[in-house]
Amino acid sequence: MNAWSAEEFEARLRSIGEKQYHHLHPFNERMHSGSLTEEEFRGWVRNRFYYQVNLPVKDAFILTKIPGRDNRRRWIQRIIDHDGRTGDEGGIEKWVRLGEAVGLTRQELFDSDTVLPGVRFAVDAYVDFCRRKPWLESVASALTELFAPDLLSRRIADVSQHYPWIATEGLEYFRARLTQQPKDIAHLLELVIDHATSREQQDACARALEFKCDVLWSLLDAVQLAYGKSS
Ligand SMILES: O=C(O)c1cc(C(=O)O)c2c(n1)C(=O)C(=O)c1cc(C(=O)O)[nH]c1-2
């Protein structure tokens with residue numbers, strides 16, 4: 001089968017997000033409409049934290065495989081963005097502040113025994129995918145980030161409006177991601193579009209993106225089942 005042109009391939013990747021990204025999940029829609037209870041919001045923050053702490057772990061697996069020094073220099077910044085370094089608090093610390101803003105303690109967030117089984121299963125599957133798969137597919141699985149900026153902007157606006165009990169400093173994680181994410185997205189697209197040149201590679205990248213949409217969707221399924229109201 002013929003390979004897609006770069007434009008067709010990118011359009012195909014974007015259409016996957018339009019249909020399968022977690023912005024469409026009922027739990028997310030309820031977050032935006034303001035109908036989550038405090039317990040539901042806390043449940044989401046607590047369980048998403050397990051995803052957050054594992055992002056630099058999966059990025060470290062990819063770092064061992066990604067070709068070339070220039071790519072490694074760019075990729076390593078993703079780990080720093082989350083883990084931080086001296087004098088530069090990273091994303092994980094910012095998420096701890098979101099946790100504190102919704103009434104969770106640092107200890108509760110880091111207690112891996114209280115992560116929901118479905119969340120653990122989904123996040124561990126994502127880390128394992130990035131450990132096992134060829135670098136191109138591992139990188140492609142991060143392409144959900146293409147769809148995150150719109151969602152993050154809406155989340156900042158809607159959470160500020162509907163959940164006034166959450167202190168605005170708690171949303172700093174999302175504001176910081178809006179500034180960091182464009183460089184990640186540019187690098188991801190460059191790697192995937194330039195290197196997936198055969199139809200087989202393009203299909204494998206599209207499947208990796210679908211798999212990642214499933215990870216994020218399953219995370220919200222688990223949170224909804226455990227904390228959600230039946231509505
Ligand atoms: O809040 C969100 O909806 C959301 C989604 C995603 C995503 O689509 O995977 C990421 C993030 N946030 C995020 O903050 C982040 O740092 C991030 C890294 C990655 C990744 O797979 O490498 N996804 C995401």
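Two residues count as in contact here if their C-beta atoms, placed from the backbone, lie within 7 Å. Keep in mind that this is a predicted model.

**Exercise 1.** Leaving aside neighbours within four places in sequence, find which residues Leu 219 is in contact with, and place Leu 219 in the core.

*Solution.* Start with the contact list: Leu 219 touches Asn 47, Tyr 51, Val 119 and Ala 122. Next, look at the largest nonpolar core, which has 47 residues. Leu 219 is among those touching the most other members, along with Val 119, Leu 143, Val 192 and Leu 209. Helix 11 (residues 199-227) supplies the largest share of this core, eleven residues.

**Exercise 2.** Describe how helix 3 and helix 11 cross, and which residues make the contact.

*Solution.* First the geometry: the two axes come within 10 Å and cross at roughly 145 degrees. The crossing is right-handed. Now the residues: helix 3 brings Glu 39, Glu 40, Gly 43, Trp 44, Asn 47 and Tyr 51, while helix 11 brings Leu 219, Val 223, Ala 226 and Tyr 227. Sorted by class, that gives six nonpolar, two polar and two charged residues.

**Exercise 3.** Work out what surrounds the ligand, and which helix gives the largest share of the shell.

*Solution.* List the shell: Leu 55, Ala 142, Thr 144, Glu 145, Ala 148, Leu 151, Leu 152, Arg 177 and Leu 216. Then sort by class: six are nonpolar, one is polar and two are charged. Finally, helix 9 (residues 148-162) has the largest share, with three residues.

Methods: Residues numbered from 1 in each chain as written. Predicted model: local features only at pLDDT ≥ 70, side-chain atom pairs only at ≥ 80, totals over all residues. Near = placed C-beta within 6 Å. Helix = DSSP H or I, 4+ residues; strand = E, 2+ residues; numbered from the N terminus. Nonpolar A, V, L, I, M, F, W, Y, C, P; charged D, E, K, R; others polar. Core = buried A, V, L, I, M, F, W, Y, C linked by C-beta atoms within 7 Å. Buried ≥ 20, exposed ≤ 12 C-beta atoms within 10 Å, placed from the backbone. Axes fitted to C-alpha atoms, helices over the stretch in contact; angles between N-to-C directions. Left-handed = near helix turned anticlockwise from the far one by under 90°.
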